[in-house]
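Here is a short report on one protein chain. It starts with a single residue and then moves out to the sheets, the cysteines and the whole chain.

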Amino acid sequence: MSEERFGEFVLVRRHGDGGVGYVAELALDRPKAMNAVSTEMARSIAAACTALGGDKGVRVVVLTSTHERAFCVGADLKERNSFTDAELVRQRPVARGAYTGVLELPVPVIAAVHGFALGGGFELALSCDVIVADRTAVVGLPEVSVGVIPGGGGTQLLPRRVGAARAAELIFSARRVEAVEARELGLVDQLVEAGQDREEALALASRIAANSPVGLRAAKRALRVGFGLDLRAGLEVEDSAWRAVAFSGDRAEGVAAFNEKRPPEWPGE
């Protein structure tokens with residue numbers, strides 16, 4: 001396993017022999033503030049995502065936390081309290097860059113959530129494709145209780161997960177949802193025992209990473225672009241993604257490996 005730090009608060013670990021693994025772990029590492037997202041931390045998250053998104057060797061990203069009791073408690077409100085209006089306006093694109101950085105990663109992304117994932121913290125998880133949570137997890141979008149709204153994608157991502165009415169109830173009430181109910185409502189996808197979220201998320205990532213990197217990127221693109229379109233338009237998106245992989249080296253290797261009854265050795269192109 002190899003490690004690379006982006007600023008003071010973000011750590012990227014590459015899992016695999018010699019650190020050249022196909023699974024990259026993006027760890028939020030600001031434990032003294034329970035991973036509250038400051039301006040500096042937002043820049044680091046965005047920079048790490050840019051690097052990972054451009055690395056053809058990365059097949060899956062796992063978003064984790066180094067804090068024992070929290071995934072991320074959202075925006076750094078102490079920092080925000082010191083801003084003038086003009087400073088808040090200037091900081092907005094930086095904050096957005098962190099959330100869109102995760103959202104726009106071209107590979108599958110899994111969030112490993114334990115403890116508090118609130119506000120922007122939950123929005124970071126919502127920006128992932130799959131959320132694995134342990135039984136200590138508490139999630140929610142409480143922004144209206146401090147006079148703002150979910151501004152990291154929450155008003156758009158949550159209804160896509162749970163429907164408009166359920167999302168409205170959760171956002172308007174600002175309530176926190178504990179792990180079992182969160183799983184029942186579809187706020188998280190997998191519920192695991194306490195302390196097992198990172199291990200289970202990395203195990204899932206390893207299973208996903210065994211598949212074609214060309215296929216994974218194309219499948220994610222089709223899922224993301226096609227969602228919300230009418231069926232006919234969505235099927236056109238799917239067809240475009242299929243054409244991108246149908247004549248790839250990965251497709252040729254996958255078919256050959258299947259017929260030869262051996263594990264594929266993906267060329268990644």
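In this predicted model, Arg160 is partly exposed, with a relative accessible area of 48%. That value falls between the 20% limit for buried and the 50% limit for exposed. Arg160 lies in helix H5, which covers residues 154–162. The side chain of Arg160 reaches the backbone oxygen of Gln156 at 2.9 Å. Arg160 also has a partner far along the chain to compare with: Phe227 is 67 residues away in sequence. In space, the C-alpha atoms of Arg160 and Phe227 are 9.0 Å apart.

A second arginine, Arg14, sits in strand S2. Is Arg14 buried or exposed? Arg14 counts as buried, at 16% relative accessibility. The side chain of Arg14 makes a polar contact with the side chain of Asp55, at 2.6 Å.

**The seven-stranded sheet**

Strand S2 belongs to an open sheet of seven strands. Their order is S1-S2-S3-S4-S6-S8-S11, and the pairing is mixed. Which strands stand at the edges? They are S1 (2–6) and S11 (190–192), and each pairs on one side only. On average, neighbouring strands of this sheet are turned by 20° against each other, with direction ignored.

Inside the sheet, S3 (residues 23–28) and S4 (residues 60–65) run parallel. Six bridges join S3 and S4. Glu25 stands opposite Val62 in S4. Helix H1, residues 39–53, lies across S1, S2, S3 and S4. The helix runs at about 25° to S2, which spans 10–15.

**The four-stranded sheet**

Another open sheet has four strands, in the order S5-S7-S9-S10. Its pairing is mixed too. S5 (70–72) and S10 (177–178) are at the edges. Each has a single partner strand, so one side of each is left without a neighbour in the sheet. S10 pairs with S9 (residues 138–140) in the antiparallel sense, over two bridges. Val138 has Glu178 in S10 as its bridge partner.

**Cysteines**

How many disulfides are there? The count is zero. Cys72 is in no disulfide, and the nearest cysteine sulfur, that of Cys128, is 11 Å away. For Cys128, the closest cysteine sulfur is in Cys49, at 8.8 Å. That is too far for a bond, because a disulfide needs two sulfur atoms within 2.5 Å. The table sets out the two cysteines.

| Cysteine | Nearest cysteine sulfur | Relative accessible area |
|---|---|---|
| Cys72 | Cys128, 11 Å | 0%, buried |
| Cys128 | Cys49, 8.8 Å | 4%, buried |

**The whole chain**

The chain holds eleven helices and eleven strands. Its radius of gyration is 19 Å, close to the 18 Å that the globule rule gives for 269 residues. The chain is therefore as compact as a globular protein of that length. Along its principal axes, the C-alpha trace spans about 60 × 45 × 40 Å.

How much of the chain is buried? Buried residues make up 47% of the 269 residues. Long-range contacts can be counted as well. Among contacts with a separation of 6 or more, 65% join residues 24 or more positions apart.

How values were computed
Residues are numbered from 1 along each chain as its sequence is written. This is a predicted model: local features need pLDDT of at least 70, side-chain atom pairs count only at pLDDT 80 or more; totals for chains, interfaces and linings use all residues. Side-chain values use heavy atoms; hydrogens and water are left out. Two strands pair if DSSP finds at least two bridges between them. Axes are lines fitted to C-alpha atoms, for helices over the stretch in contact, and angles run from 0 to 180 degrees between N-to-C directions. Contact means heavy atoms within 4.5 Å. Buried means under 20% relative accessible area, exposed over 50%, partly exposed in between (1.4 Å probe, protein chains only). A polar contact is a pair of N or O atoms within 3.5 Å; within protein, one must be able to donate a hydrogen and the other to accept it, and residues adjacent in sequence count only if both atoms are side-chain atoms. The radius of gyration is taken over C-alpha atoms; the globule rule is 2.2 Å times the number of residues to the power 0.38.
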